[in-house]
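Thanks for sending this one over. Here are a few notes to read with the model open beside you.

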Amino acid sequence: MIETRGFRILRAMGLTFLSLLVLLPVYVVVATSIKPLGDVRGVFTWIPSRITLEPYFQIWQTVPLGRYFVNSLIVTVAATACSVILAVMAAYAMSRFAFRGSRAFSLVVLSTQMFPGILFLLPLFLIFSQLQRIVGVQLTGSYLGLILTYMTFSLPFAIWMLSGFFASIPKELEEAAMIDGTGRIGALIRIVLPVARPGIIAVTVYCFITAWSEVLFASVLTNNATRTLAIGLRAYSSQTDVYWNQLMAASVVVSLPVIIGFMLVQRHLIAGLSSGAVK
């Protein structure tokens with residue numbers, strides 16, 4: 001298709017508008033984070049009258065942001081690792097073996113993505129409370145409960161995506177490895193996983209972002225000792241005042257791990273998402 005000059009102009013205008021729509025809020029967050037508190041309380045200005053980095057040092061003193069950061073890191077890394085490991089095993093079984101109920105299992109896994117997360121809030125809380133009473137294992141207000149909760153949301157999508165990715169890998173590669181004496185597990189580790197690395201990275205990034213930025217379940221299933229970053233940011237707002245500059249500075253700091261990680265694996269992420277979507 002030949003692109004006309006008018007089409008190129010309209011495309012440039014549309015992309016510019018969308019870029020401004022995305023970048024303006026980011027600019028407001030960064031600009032507010034380097035303003036003194038007095039300037040933030042006044043009329044909003046696009047250009048800071050005085051640039052200061054004090055909010056980035058004060059955020060660690062106003063609230064225990066370091067503890068929230070550690071809590072989020074523990075929960076996110078554990079939930080991501082468990083989800084990816086279980087998803088790899090389940091997706092490999094779905095793509096390589098024919099067993100009774102495999103189609104029904106696939107439909108159930110995919111159907112879980114149709115329901116909003118808030119629908120599971122009360123049932124999960126009641127289940128955790130009953131298990132805590134019967135078994136004696138604390139699930140509300142603990143890392144374990146939050147890790148299991150995040151796995152319930154990230155695991156179905158991870159299984160569905162990786163099963164399509166594994167199905168696109170020729171079975172002949174594994175058969176050749178098994179003829180040479182490698183077992184099924186050895187073929188999975190040595191042959192399939194290296195080839196499926198883009199898909200695994202894409203699933204890992206998805207699971208990490210889902211757990212890192214989750215707010216709803218963390219606000220119910222955590223306490224002061226296990227509070228995560230997404231909930232801890234609310235501590236910059238009190239009944240009498242809101243430290244807007246510190247809140248924005250903390251938001252920038254919280255976003256940095258996800259941004260850096262995304263930039264490092266961007267190439268693998270795009271390849272994994274496209275391959276899983278095509279299959």
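How do the residues of the lining of the second largest pocket divide into nonpolar, polar and charged?

1. To take that question straight away: the lining of the second largest pocket has eight nonpolar residues, five polar ones and one charged one. Please keep in mind that this is a predicted model.

2. The second largest pocket has a volume of about 230 Å³. Its lining comprises 14 residues. If you would like to find the pocket on screen, go to Thr112, Phe120, Thr152, Phe153 and Pro156, which are the lining residues nearest its centre.

3. Which helices each supply at least two residues of this lining? They are α7 (143-167) and α10 (197-212). The biggest share comes from α7, which gives four residues.

4. Now to a helix pair. Helix α1 (residues 5-33) packs against helix α13 (residues 244-264) with the axes 7 Å apart and an angle of about 120 degrees between them. An angle of 65 to 115 degrees would count as roughly perpendicular and one over 145 as roughly antiparallel, so α1 and α13 are oblique to each other. Their crossing is left-handed.

5. On the α1 side, the contact is made by Val29, Val30, Thr32 and Ser33. On the α13 side, Trp244, Asn245, Met248, Ala249, Ser251 and Val252 take part. Sorted by class, the contact of α1 with α13 has six nonpolar and four polar residues, and no charged ones.

Note on methods
Residues numbered from 1 in each chain as written. Predicted model: local features only at pLDDT ≥ 70, side-chain atom pairs only at ≥ 80, totals over all residues. Heavy atoms only, no water. Axes fitted to C-alpha atoms, helices over the stretch in contact; angles between N-to-C directions. Parallel < 35°, antiparallel > 145°, perpendicular 65-115°, else oblique. Left-handed = near helix turned anticlockwise from the far one by under 90°. Contact = heavy atoms within 4.5 Å. Nonpolar A, V, L, I, M, F, W, Y, C, P; charged D, E, K, R; others polar. 1 Å grid on protein atoms, 1.4 Å probe; cavity = no way out; pocket = protein on both sides within 12 Å on 5 of 7 lines; lining within 4 Å. Points joined across faces, edges and corners; volume = space filled by probe spheres on them.
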